[in-house]
Amino acid sequence: MIEDVLVADPPADSVDAVRHRLRAFLDRHRPPTPCLVVDLPAVADRYRLLRRLFPAAVLHYAVKANPAPEVVGLLAALGASFDVAGVAEAELCLRAGAPADRLSYGNTVKKASDVVRAHALGVRVFTVDSEADLLNVAALAPGADVLCRVFAFPTAARSAFGRKFGCEPDLAAALLHRAHRLGLRARGVSFHVGTQQLDPRAWEHGIATAARIMATLAASGVHLTTLDLGGGLPAGYRDGAPPLADYATAIGESLDRHFGSAWPEVVLEPGRAVVADAGVLRTEVVLVSRKSYEDRHRWVYLDVGRHNGLTETEDEFITYALATARDGGPVGPVVLAGPTCDGDDVLYERNTYHLPLDLAPGDLVDVLATGAYTASCATVGFNGFPPLPTTHLGASGEPVR
Ligand SMILES: Cc1ncc(COP(=O)(O)O)c(C=O)c1O
């Protein structure tokens with residue numbers, strides 16, 4: 001029961017303790033593979049940790065990271081707000097118990113009909129980055145709050161979003177002005193430093209930019225109240241990331257530098273950092289093979305790959321940590337690949353992975369920190385492989401009903 005997860009506010013379990021719990025469940029029950037197990041107490045822990053580290057921020061969980069109703073319902077009960085990417089996610093949040101006034105529509109790419117439907121559902125906060133979308137919001141969601149997304153440059157993100165979202169600061173200022181004149185509430189500025197951001201200082205540029213835009217608008221009588229710092233907070237993959245506390249310190253320092261003691265309302269939209277570390281994906285070795293007599297690399301084919309859960313291995317941009325029951329013995333280099341008949345379904349070839357030399361078909365491999373951007377990114381049946389089944393564990397360490 002989700003209520004069991006909510007009653008306590010225990011000290012957060014370490015990432016290792018969570019992994020141990022999930023792997024113990026998988027060992028006890030041996031479900032068919034591949035399968036994802038998500039630990040709801042760990043999701044609650046991570047959410048509470050972020051609340052402690054960023055006490056001045058409003059947390060809008062980015063639903064896209066893991067839209068499972070169990071996860072969204074838990075976070076709604078914990079008081080979270082939600083960043084939704086579209087109408088379906090808004091409906092999901094409402095069904096899970098989140099009131100409409102805790103939803104913001106963060107996707108800047110939307111149809112007019114999406115605005116109409118979101119507005120009818122009660123969504124009143126929209127992010128825009130273009131004149132066309134702004135005019136739709138003004139016409140179809142009259143009086144709504146509007147944030148404008150600006151480019152966030154630099155960065156050490158594992159996936160920077162490039163120029164798909166956002167606009168130049170001078171255009172953002174003009175759009176916010178226009179929003180004000182159109183009778184919308186010009187609410188603030190947003191940006192996203194790229195997901196799995198490994199540099200805690202990456203928010204500095206966006207915060208400085210937002211402060212300039214806010215000062216420009218204030219000079220003409222439009223007072224923006226909100227600064228949305230987007231997502232980007234990291235999870236613990238194979239190659240590590242700085243502690244979240246370092247991000248809180250760096251972001252706080254940037255806010256002090258650019259806003260002094262008069263911080264705006266600060267919004268964070270964490271996705272990965274809330275759910276990734278709460279998941280373990282168990283997979284089975286299908287085949288181990290060699291491509292030549294000379295090459296030391298074995299090819300290890302798993303029953304999960306790019307299309308049925310590990311989408312974020314595209315370009316090898318997320319390097320998951322792996323664990324097997326044979327760990328501790330001698331290891332050798334491997335190339336890891338998925339099970340489909342698709343040549344792109346290779347997980348790691350550039351990044352060197354080492355796995356036990358005695359690894360054999362039928363052995364189980366656990367892919368760690370897989371609670372974010374996995375099950376929901378799986379295809380519905382490419383090559384006949386179904387979406388990734390997921391089990392959610394409650395405080396008892398057993399599935400919630
Ligand atoms: C608008 C927006 N906010 C938040 C997020 C969540 O990012 P992350 O999972 O890196 O925290 C995303 C991810 O794509 C996003 O597009």
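Visitor: How many residues surround the ligand, and which are the closest?
Guide: This is a predicted model, to start with. In it, 14 residues surround the ligand. Thr195, Glu269, Gly271, Arg272 and Tyr373 are the closest of them.

Visitor: What's the mix by class in that shell around the ligand?
Guide: There are five charged and five polar residues, plus four nonpolar ones.

Visitor: OK, what does the side chain of Glu269 have to do with a nitrogen atom of the ligand?
Guide: An N or O atom in the Glu269 side chain sits 2.5 Å from that ligand nitrogen.

Visitor: And how much of the ligand's accessible area does the protein cover?
Guide: On its own the ligand has 390 Å² of accessible area, and the protein covers 92% of that.

Visitor: Back to contacts. Which part of Gly232 lies 3.0 Å from an oxygen atom of the ligand, backbone or side chain?
Guide: The backbone: one of the N or O atoms there is at that 3.0 Å distance from the ligand oxygen.

Visitor: What about Lys64, how far is its polar side-chain atom from an oxygen atom of the ligand?
Guide: For Lys64 the distance is 3.3 Å.

Visitor: Switching topic: how many cavities of 30 Å³ or more are there?
Guide: Just one cavity makes that count. The largest cavity has a volume of about 30 Å³.

Visitor: Which residues line the largest cavity?
Guide: Four leucines come early in the list, Leu302, Leu310, Leu322 and Leu336, along with Tyr320. Leu347, Tyr348 and Val367 complete the lining.

Visitor: And is that lining polar or nonpolar by class?
Guide: Nonpolar: eight residues fall in that class, with no polar and no charged ones.

Definitions and conventions:
Residues are numbered from 1 along each chain as its sequence is written. This is a predicted model: local features need pLDDT of at least 70, side-chain atom pairs count only at pLDDT 80 or more; totals for chains, interfaces and linings use all residues. Side-chain values use heavy atoms; hydrogens and water are left out. On a 1 Å grid over the protein atoms alone, a cavity is a set of points where a 1.4 Å probe fits but cannot get out, and a pocket is an open set with protein on both sides within 12 Å along at least five of seven lines; lining residues have an atom within 4 Å of a point. Grid points are joined across faces, edges and corners, and a volume is the space filled by probe spheres set on the points. Ala, Val, Leu, Ile, Met, Phe, Trp, Tyr, Cys and Pro count as nonpolar, Asp, Glu, Lys and Arg as charged, and the others, Gly among them, as polar. A residue is near a molecule or strand if one of its heavy atoms lies within 4 Å of it. A polar contact is a pair of N or O atoms within 3.5 Å; within protein, one must be able to donate a hydrogen and the other to accept it, and residues adjacent in sequence count only if both atoms are side-chain atoms. Accessible areas come from the Shrake-Rupley method with a 1.4 Å probe; for residues, only the protein chains shown count as cover.
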